[in-house]
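Colleague: I should like to go through the interior and the DNA-facing surface of this model with you. May we take the questions one at a time?

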Protein chains: 2
Amino acid sequence: MAKQKIPAMPSIRRLPSYLYIVQQAHQINQEYISGTVIAQELKLEPIQVRKDLAITGIVGRPKKGYPTTELMNAINRFLGWDTIQPAILVGAGNLGTALAGYEEFRLHGINIFAAFDAEKKKVGTSIHRIPVYPLSAIDKQVKKSGAKIAILTVPSEHAQEAANLIIEAGITAIWNFTNHKLNVPDHVVVQKEDLSSGFAILSVMMRNRDQ
Amino acid sequence: MAKQKIPAMPSIRRLPSYLYIVQQAHQINQEYISGTVIAQELKLEPIQVRKDLAITGIVGRPKKGYPTTELMNAINRFLGWDTIQPAILVGAGNLGTALAGYEEFRLHGINIFAAFDAEKKKVGTSIHRIPVYPLSAIDKQVKKSGAKIAILTVPSEHAQEAANLIIEAGITAIWNFTNHKLNVPDHVVVQKEDLSSGFAILSVMMRNRDQ
DNA sequence: TAGATTGTTAATCGATTAACAATC
DNA sequence: TAGATTGTTAATCGATTAACAATC
């Protein structure tokens, strides 16, 4: 569904930051990490960390904490980041190019294998080793690969038409980096990423501090 | 303060999307726009839109809605986006370069006048007409310009040292695009932008839908 | 005027936090 | 063992939603 009730959205948002901490602990060969320590690191309440981690199904050990390897696996499994998923990039502009080069996405199972752009001069080139195709090639590429995920980084004015195009081709999950609220059928999920929202928070924090 | 209580964070997050809608209405010469219409556009509840807009101080007119020009001004003023603020970009990699080229930030009053990078081969070049300096030039450039805002896009491993450097130079607001939770003194505000969080939500929505 | 829309006050809902028994 | 930490159940807090009088 376009807007689906998913349990404990704020908790899910925090999971990646826990994963980051746990991975660091794992790398220096720590066998266990406690919710208390994770909380300290992120300046959260320990009880919140424990509650959040519980949704992944991980079981900790009193006095020791959570086994780092198991916890990493539990979070990755819960988020579906333990399987590699083909994904397309629609819009090979500044932001699209940056995201295409974001190595970390690989750790989340995202494999961007094709990019698409309306600009003719970009077609045939490649960004971070990912070939850029014309928009007309979307249908074929999506069907051939079975990709379900698209990262949408076209100019906001063209967001809806681009969305229509990729949904038609078979995309069912859109990571939307445009300002446009997309109209999509019920079987398509959309996550709207809004950089302006983050800056709005920073702006208000600045003003509040300065009176 | 590092973590400051700011009123109605979720409301503030939604303001930029309202602004986007209102700007569109304004462009096609609509004199008024109602909370009902904004809500429809964004698939929100009208009452939520009205409550959110109230924090900007805007006063609407029964039956007509909100005057578009006044509403744009009210939101921009509330967010402090009506004044131009000098800002620096720390880390001229993929993401940094993309953000430097993000024209929309200009509408939010952000004026990125200098970028800094640890890589010698980048120093002396420019990204989207913004000159790239070595990290050692931060102090001078920040003091000269009086910049308070920094966009942090260095690799996560170097986030804390870079933060220390810019805070030392006089930066008091950091838009943090790294995975690292920064340790900062009380007078510095930080907004952590986490792309992974957004993808976590999308991932779970996909899994929920598919059972 | 009639009725759509605002803004206020109250009710509901969900997330965070607190308390505490269980446990290794 | 003693005590740090987990996980559960209950209390609090804040955000969303509902109800409705005011108004142009």
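Colleague: How many residues in the lining of the largest cavity are nonpolar, polar and charged?

Modeller: The model is a predicted one. In it the largest cavity is lined by residues including A:L99, A:F105, A:I112 and A:I130, alongside A:E103, A:R106 and A:N111. By class, the lining of the largest cavity comprises seven nonpolar, one polar and two charged residues.

Colleague: Which element gives the most to the lining of the largest cavity?

Modeller: At least two lining residues come from each of α5 (94–100), α6 (104–107) and β4 (110–117) of chain A. With three residues, the element that gives the most to the lining is β4(A).

Colleague: What is the volume of the largest cavity?

Modeller: The structure holds four cavities of 30 Å³ or more. For the largest cavity, the computed volume is about 70 Å³.

Colleague: Which residues are the closest to DNA strand D?

Modeller: DNA strand D is surrounded by 21 residues. By class, the surface near the strand has seven nonpolar, six polar and eight charged residues. The closest are A:G35, A:R50, A:G60, A:K63 and B:P62.

Colleague: What percentage of the atoms of DNA strand D that come within 4 Å of the protein do sugar and phosphate account for?

Modeller: The residues that surround DNA strand D number 21. Among the strand atoms that come within 4 Å of the protein, sugar and phosphate account for 47%.

Colleague: How many Å from a base oxygen of DNA strand D does a polar side-chain atom of A:R50 lie?

Modeller: Several side chains place an N or O atom by the strand. That of A:Y66 has such an atom 3.1 Å from a phosphate oxygen, and that of B:Q48 has one 3.3 Å from a sugar or linking oxygen. The elements that give two or more residues to the surface near DNA strand D are α2 (35–42) and α3 (46–54) of chain A, together with α1 (9–27) and α3 (46–54) of chain B. For A:R50, a polar side-chain atom lies from a base oxygen of the strand at 2.4 Å.

Colleague: Is B:K63 buried or exposed?

Modeller: Most residues other than glycine have a negative phi. B:K63 has a positive phi, near 80 degrees, and its place is in the loop between α3 and β2 (66–67) of chain B. Because its relative accessible area is 89%, and over 50% counts as exposed, B:K63 is exposed.

Conventions: Residues are numbered from 1 along each chain as its sequence is written. Chains are lettered from A and ligands numbered from 1 in the order in which they are written. Side-chain values use heavy atoms; hydrogens and water are left out. On a 1 Å grid over the protein atoms alone, a cavity is a set of points where a 1.4 Å probe fits but cannot get out, and a pocket is an open set with protein on both sides within 12 Å along at least five of seven lines; lining residues have an atom within 4 Å of a point. Grid points are joined across faces, edges and corners, and a volume is the space filled by probe spheres set on the points. Helices (H or I, at least four residues) and strands (E, at least two) are DSSP runs, numbered from the N terminus. Ala, Val, Leu, Ile, Met, Phe, Trp, Tyr, Cys and Pro count as nonpolar, Asp, Glu, Lys and Arg as charged, and the others, Gly among them, as polar. A residue is near a molecule or strand if one of its heavy atoms lies within 4 Å of it. A polar contact is a pair of N or O atoms within 3.5 Å; within protein, one must be able to donate a hydrogen and the other to accept it, and residues adjacent in sequence count only if both atoms are side-chain atoms. Buried means under 20% relative accessible area, exposed over 50%, partly exposed in between (1.4 Å probe, protein chains only).
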